[in-house]
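Q: I'm new to this one. Can you walk me through it?
A: Sure. Here it is.

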Amino acid sequence: TPAGTPAETAGETPAVTPAPTPFGLQPSNVPAGAVVVRWYCCLGAGDAPEQVAVEEAVVNKFNATHTDVQLAFEGVPYSGARDALSTEIAGGNAPDIVGPVGIGGANAFNGQWLVLTDLINKNHYDMKQYQTGAVDFYKIGGQQVAIPFAIYPSSLFYQRGLFSEIQLSEPPHKYGDPYTVTGAKGTALFGVSEGATVPWNYDTVNKLSMLLTVDVNGKDATEDGFDPTQIVQYGFEPQRDDLRDIGAYFQAGQLAAADGKTVQIPDAWAAAWKFMYDGTWKQHTIMTGPTFQSQEFNGGGYAFCSGKVAMEPNFLWSKYCLGTAGSNWDLAAIPSYQNGPPSAAFNADTFRIMKTTKHPDAAFEAMTYLEGEGSKDLLQTYGGMPARPNEQAAFFDDINQNDCCRTDSPPADWNVAKAGVKYADNPNFEAFMPAYNQSLDILNKYLTKWTSTDGLVMDDEIAALKQELQAAWDANPLP
């Protein structure tokens, strides 16, 4: 319970959040002389019950087909995974393999990962099966620290029916195409004639979101009498995992300046945060924090999956909850900021070997199994597009054939997701920064404050965020 809450001021015992419950699977009947490799999850995906079932099946298959190496699976839910891994490392009990882990999760343990270059060469592992850009994504100083596995490009998810209901045309699927204005409401708001085009940017998204935000009486956010306290449908929702990715959907950037120790706030990121704040408190087209956390609108952690959000940019991994979003959604191109190039914030997961492992060869054998033979099942449950180009078509075919939420509607346009790779943010928003974990806590504090507090002056708030981050970095200088 935060300090100053009624529970504390009344002298009551503050609520204590229980520690996440670990889970896992230990190998049975380990062959004589076999090396047991410990696989740690879940700094990213992997802790949902249906994912755990797949992970355990992959472990059992590996152990049944290998006599020299056996896998032990150790999982901690995402909410406690970083703290638990930190404790294991500090206690000299670090696992061998960690994954799936993204750029942010890896940077939280900067300097802890084994360089794989020698193992790749020793085992003649074929890196040409991946695109050069995917390989280089995991190079530091020319050394390979990871092998490409799952990529999660961004798209704008939208509800077709909510657009057609008021005669609005759907967002463009092709990057570079404008938006076509249709319908009486659309032409009136944009001030153009039927069929005219306007740039596909966040100004256009903002106007559409006002028409697509509806209260309990059926009034949208442009109409007199609209009641912002009784909203039943929201026009837009940002991908609010992190203030950095909210900014990255406007323009690629990072918080660390060129010297690696000075905080910078990219202008486009500040604009994205103001866009979110104004949409939340002035136009009421974006959910407040408490509304987002409510059972009605949360949608399993992804508001679009509630079926009550018209548009939301997000990564491909969000397909895990689309079964509750209805069957009339689709994917569109990420809009641009100020008519600049689109920035489709990019996630990528892989497996990494910790540099403290006592069994690098066995760990490499197990890791390349997870990224090879075991990858088909793992990629499907994680919702990750295969990094191997020759596997991507089959991945999307499988989604179209087996995804529960597309059974009574035309397949989603997954080509939009593939096209988004070209517009991946570079530098990536999860790039390393000093005092990484402490900085994440500070960013989350301000995200929580901005989405739960009306009447703030955002220029002052952004300045305060920058100052607090700088203080943390100064107190924890890089070696």
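Q: Which side chain does Lys122 meet in a salt bridge?
A: Asp361, with 2.8 Å from N to O. Keep in mind that this is a predicted model.

Q: Where do Lys122 and Asp361 lie?
A: Lys122 is in helix α5, residues 117-122. Asp361 is in helix α14, residues 360-370. The two are 239 residues apart in sequence, so the pair ties together distant parts of the sequence.

Q: Is Lys122 buried or exposed?
A: Exposed, at 53% relative accessibility. The cut-off for exposed is over 50%. Asp361 is partly exposed, at 39%.

Q: How many salt bridges turn up in the whole structure?
A: The search finds 15.

Q: What about Asp136, which partner does that one meet?
A: Lys139, in a salt bridge of 3.5 Å, N to O. Asp136 has a relative accessible area of 38%, which makes it partly exposed. Lys139 is partly exposed too, with 38%.

Q: And Lys185, which side chain is its partner?
A: Asp220, at 3.1 Å from N to O. Lys185 sits in helix α8, residues 184-190. Asp220 sits in the loop between β11 (214-215) and β12 (231-236). The pair ties together parts that are 35 residues apart in sequence.

Q: Is Asp220 buried or exposed?
A: Buried, with a relative accessible area of 2%. Its partner Lys185 counts as partly exposed, at 32%.

Q: Which residues do shared partners join into one network?
A: Arg38, Glu74 and Glu88, through salt bridges.

Q: Why would side chains like these pair at all?
A: Opposite charges can pair when the charged atoms come close.

Q: New topic: helices. How many residues does α11 have?
A: It has 15, residues 267-281. From first C-alpha to last, α11 reaches 21 Å. That is close to the 21 Å expected at 1.5 Å a residue.

Q: Is α11 mostly covered or mostly open?
A: Mostly covered: 11 of its 15 residues are buried.

Q: Which residues of α11 are buried?
A: Among them are three tryptophans, Trp269, Trp273 and Trp281. Phe275, Met276 and Tyr277 are buried as well. The list also includes Ala268, Ala270, Ala272, Gly279 and Thr280.

Q: What do the buried residues of α11 pack against?
A: Four helices and a strand: α9 (202-212), α10 (243-248), α18 (436-452), α19 (458-475) and β12. You met β12 already, at one end of the loop that holds Asp220.

Definitions and conventions. Residues are numbered from 1 along each chain as its sequence is written. This is a predicted model: local features need pLDDT of at least 70, side-chain atom pairs count only at pLDDT 80 or more; totals for chains, interfaces and linings use all residues. Side-chain values use heavy atoms; hydrogens and water are left out. A salt bridge is a side-chain nitrogen of Lys or Arg within 4 Å of a carboxyl oxygen of Asp or Glu. Buried means under 20% relative accessible area, exposed over 50%, partly exposed in between (1.4 Å probe, protein chains only). The expected span of a helix is 1.5 Å times one less than its number of residues. Contact means heavy atoms within 4.5 Å.
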